[in-house]
Amino acid sequence: MDSRRDFLQKFSLGLGVTALAGLPAVAHDINPVSNADKQLRVAILGLGGYANIVAKGMKDCKIAKLTGIITGTPSKIPEWKKKYNIEDKNVYSYDNMHEIKNNPDIDLIYVITPNSLHHKHVLMAAAAGKHVICEKPMADNAKQAREMIAACDKAGVKLYIGYRLHFEPHTKELIRMRKAGEFGKVMHVNNYAGFKIGDPKQWRLRKALAGGGAMMDVGVYSLNGARYCTGEEPIWVTAQESKTDKVKFAEVDETVTFQLGSPGGMIANCGCTYNFNHVEGLKLMGEKGWAEMNPAFGYGPIRGNTHLGPINQPDVTHQAYQMDGIAECILDNKPDPNVSGLEGLKDMIVVDAIYESIRKDGKKIFINKA
Ligand code: NDP
């Protein structure tokens, strides 16, 4: 097993008050999606590996529907049109996607391009007046994330991050139990995600397209998981990087460990890597109980156990549940389960602090006191 796909398949696969200061407000006037048959019509931007998985998963959707594509590779168009019944008038390139503004067949653009293009593509989608889902990691840094939220807010469109686990039944049950106090106060969290990356030429190893390495790609699962395990937001961070292959990982981080501290005294110890396999799992220890998930972050089946017994929930297609879940938020104006642009920003603030700590040899970084 030496690729990201293997990793995902094998595992079928509140910031503190000070940190919240300065976070942007949410949009006021949201573009209504009005259609008689109550469907959220989606165009995918960037037709790569994960876009294929999303599109396939969306075949199981009840209210989200794939109606359009945006691609820089014309040779991909015939196959996508055929597979997903996409009409010619709903096919765009990055150059003419501003014309989507006048297309009533598309309500939302799902950005699934390399990490460092998310900022640009979300701004383009917002300018086209469409709601947006942006894949993780939201951006290269918190500054970009804030700009993305502001652009969507200004355009009156909603912005979500592709945090599919928040729609996954085992993960939702863990969060429900934590909120219900089943674990008592959560005191410690241990989360790991990673795999041995293959092709040394891929964009995931180029800083200009990936923004960073393992931390950006899979570290965000450990980090976001620490936040949903505790419901608390870190106020300090320490982090370390280990680089054993200075050639392959010349531009990006290879293996990162990081620690997060919350105002209530919880400490999370997390890690991520691009250089070895069998790195997966989430563990939560509370005053009254515990929970473990492994696999915790892949496409499923997710498996969980607690001091009260196994988490028994159905195995579902994550992408279908995510897309119908977000469609419900938009069409029924339902609150989202912590997958908004603001949640992405909260993660990016911590990611910034993690990289700062690494640059400063593990120094404790206090988060966003501004
Ligand atoms: P791929 O390389 O497979 O696909 C990316 C696509 O982006 C390309 O096929 C291409 O589509 C488009 N693109 C536009 N500009 C560029 C460029 N300069 N270089 C390369 N591609 C470009 O990547 P993935 O699908 O694996 O990842 C895309 C995003 O999805 C990442 O942010 C990743 O983190 C996220 N992801 C999320 C997962 C999840 O579980 N939530 C799982 C896997 C990935 P086209 O030819 O159509 O223009």
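This talk walks through one predicted protein model, from its overall make-up to its ligand and a few individual residues.

Good morning, everyone. Let me begin with the protein as a whole. The model contains 11 helices and 15 strands. Of the 370 residues in the protein, 57% are buried. The accessible surface amounts to about 15400 Å², and carbon and sulfur atoms account for 53% of that surface.

I turn next to the ligand. How many residues lie around the ligand, and which of them come nearest? There are 27 residues around it, and those that come nearest are Thr-71, Thr-73, Lys-76, Tyr-94 and Asn-115. By type, the shell around the ligand divides into 11 nonpolar, 10 polar and 6 charged residues.

Three pairs of atoms are worth finding on the screen. In the case of His-118, an N or O atom of the side chain is 3.0 Å from an oxygen atom of the ligand. With Thr-113 the backbone takes part: one of its polar backbone atoms is 3.2 Å from an oxygen atom of the ligand. The backbone is also involved at Lys-136, where an N or O atom lies 2.8 Å from a ligand oxygen. On its own, the ligand has 900 Å² of accessible area, and the protein covers 82% of it.

Lys-136 leads us to the peptide bonds. The bond between Lys-136 and Pro-137 is cis, with omega at about -10 degrees. Pro-137 sits in the loop that runs between β5, residues 131-134, and α6, residues 142-155. A cis peptide bond is also present between Gly-300 and Pro-301, where omega is about 0 degrees. Pro-301 belongs to the loop between β12, residues 290-293, and β13, residues 304-306.

Gly-300 appears again in the surroundings of His-318, my next residue. His-318 is part of helix α10, which covers residues 318-331. Is His-318 buried or exposed? Its relative accessibility is 2%, and the limit for a buried residue is under 20%, so His-318 counts as buried. Apart from neighbours within four places in sequence, His-318 is in contact with Arg-164, Leu-165, Glu-168, Gly-298, Tyr-299, Gly-300 and Ile-302. With one of these, Gly-298, the link is specific: the side chain of His-318 reaches the backbone oxygen of Gly-298 at 3.5 Å. His-318 also shows how the fold brings together distant parts of the sequence: Gly-57 is 261 residues away along the chain, yet the two C-alpha atoms are separated by 7.6 Å.

Leu-165 is also a contact of Thr-171, a residue of helix α7, residues 169-179. Beyond its sequence neighbours within four places, Thr-171 is in contact with Leu-165, Tyr-228 and Met-293. The relative accessible area of Thr-171 is 0%, so this residue is buried.

A second threonine, Thr-238, is found in strand β8, residues 236-242. Thr-238 is buried as well, because its relative accessible area is 13%. Its side chain makes a polar contact of 2.6 Å with the side chain of Gln-259. Not counting residues up to four places away in sequence, Thr-238 touches Thr-257, Phe-258, Gln-259, Ser-357, Gly-362, Lys-363 and Lys-364.

One of those contacts, Ser-357, falls within the numbering of helix α11, residues 341-359. What span should the 19 residues of this helix have? At 1.5 Å a residue, the expected span is 27 Å, and the end C-alpha atoms are 27 Å apart, so the two values agree. Helix α11 is mostly covered, with 15 of its 19 residues buried.

Just after α11 comes Asp-361, which takes a positive phi of about 55 degrees. Asp-361 is placed in the loop between α11 and β15, residues 365-366. Is Asp-361 buried or exposed? With a relative accessibility of 75%, Asp-361 counts as exposed.

His-278 likewise has a positive phi, about 65 degrees, although it is not a glycine. Its position is in the loop between β10, residues 267-273, and β11, residues 279-286. The relative accessible area of His-278 is 63%, so it is exposed.

To close, I would ask you to compare two histidines on the screen. His-318 is buried, whereas His-278 is exposed. Thank you for your attention.

Conventions:
Residues are numbered from 1 along each chain as its sequence is written. This is a predicted model: local features need pLDDT of at least 70, side-chain atom pairs count only at pLDDT 80 or more; totals for chains, interfaces and linings use all residues. Side-chain values use heavy atoms; hydrogens and water are left out. Helices (H or I, at least four residues) and strands (E, at least two) are DSSP runs, numbered from the N terminus. The expected span of a helix is 1.5 Å times one less than its number of residues. Buried means under 20% relative accessible area, exposed over 50%, partly exposed in between (1.4 Å probe, protein chains only). Contact means heavy atoms within 4.5 Å. A polar contact is a pair of N or O atoms within 3.5 Å; within protein, one must be able to donate a hydrogen and the other to accept it, and residues adjacent in sequence count only if both atoms are side-chain atoms. A residue is near a molecule or strand if one of its heavy atoms lies within 4 Å of it. Accessible areas come from the Shrake-Rupley method with a 1.4 Å probe; for residues, only the protein chains shown count as cover. Ala, Val, Leu, Ile, Met, Phe, Trp, Tyr, Cys and Pro count as nonpolar, Asp, Glu, Lys and Arg as charged, and the others, Gly among them, as polar.
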